[in-house]
Amino acid sequence: MFKRNELNFLRLLFFASIGLLINMIRKPPLKEWLIIFLFKSYIASILDNLAVKKGYIT
């Protein structure tokens, strides 16, 4: 009897974790991520230019 309850509890946890995993994997809005990526790239290129001009990077 105890083993059957334990098995049902493990099945419940398994299906709950699969459901939560699917919920967590959903993709975030692409438009927001693209804007952030492009802005970050723009800032990085400016900082790279400054670092090369100052002689920190050859």
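**Exercise 1. The aromatic pair**

Is Phe14 buried, partly exposed or exposed, and what is its relative accessible area? Determine also how many aromatic pairs there are and what geometry they have.

Solution. The structure is a predicted model, in which local features need pLDDT of at least 70 and side-chain atom pairs count only at pLDDT 80 or more, whereas totals for chains, interfaces and linings use all residues. Residues are numbered from 1 along each chain as its sequence is written, and side-chain values use heavy atoms, with hydrogens and water left out.

Step 1. With a 1.4 Å probe and protein chains only, a residue is buried under 20% relative accessible area, exposed over 50%, and partly exposed in between. Phe14 has a relative accessible area of 47%, so this residue is partly exposed. Phe15, with 58%, is exposed.

Step 2. Rings of Phe, Tyr and Trp (for Trp, the six-membered ring) pair if their centres lie within 6.5 Å; planes under 30 degrees apart count as stacked, those over 60 as edge-to-face, and the rest as tilted. By this rule the count is 1 aromatic pair. The ring centres of Phe14 and Phe15 are 5.3 Å apart and their planes stand at 70°, so the pair is edge-to-face.

**Exercise 2. Overall form**

Describe the secondary structure of the protein, and set its radius of gyration against that of a compact globule.

Solution. Step 1. Helices (DSSP runs of H or I, at least four residues) and strands (runs of E, at least two) are numbered from the N terminus. The protein has 2 helices and 0 strands.

Step 2. The radius of gyration is taken over C-alpha atoms, and the globule rule is 2.2 Å times the number of residues to the power 0.38. For 58 residues a compact globule would come near 10 Å, but the protein has 25 Å. Along the principal axes, its C-alpha atoms fill a box of roughly 75 × 25 × 10 Å.

Step 3. Of the 58 residues, 2% are buried. By the Shrake-Rupley method with a 1.4 Å probe, where for residues only the protein chains shown count as cover, the protein exposes about 6300 Å², with carbon and sulfur atoms supplying 72% of that area.

**Exercise 3. Helix H2 and its patch**

Characterise the span and cover of H2, and name the residues of the nonpolar surface patch.

Solution. Step 1. The expected span of a helix is 1.5 Å times one less than its number of residues. H2 has 25 residues and reaches 36 Å from its first C-alpha to its last, close to the expected 36 Å. The helix is hardly covered, since the count of buried residues among its 25 residues is 1. Gly55 follows H2 and has a positive phi, near 95°.

Step 2. Patches are made of residues with over 30% relative accessible area and no salt bridge, joining like charges within 9 Å and nonpolar side chains (Val, Leu, Ile, Met, Phe, Trp, Tyr) within 5 Å; a salt bridge is a side-chain nitrogen of Lys or Arg within 4 Å of a carboxyl oxygen of Asp or Glu. Phe39, Tyr42, Ile43, Ile46, Leu47 and Leu50 make a nonpolar patch of about 610 Å². Phe39 lies in H2, which runs over residues 30-54, and is exposed at 55%. Ile43 is also placed in H2 and is partly exposed at 36%.

**Exercise 4. Distances along the chain**

How far apart in space are the C-alpha atoms of Leu21 and Asn49, and those of Ile43 and Glu6?

Solution. Step 1. Leu21 belongs to helix H1, residues 2-25, and its C-alpha lies 42 Å from that of Asn49, at 28 residues apart in sequence.

Step 2. Ile43 and Glu6 are 37 residues apart along the chain, and their C-alpha atoms are separated by 55 Å.
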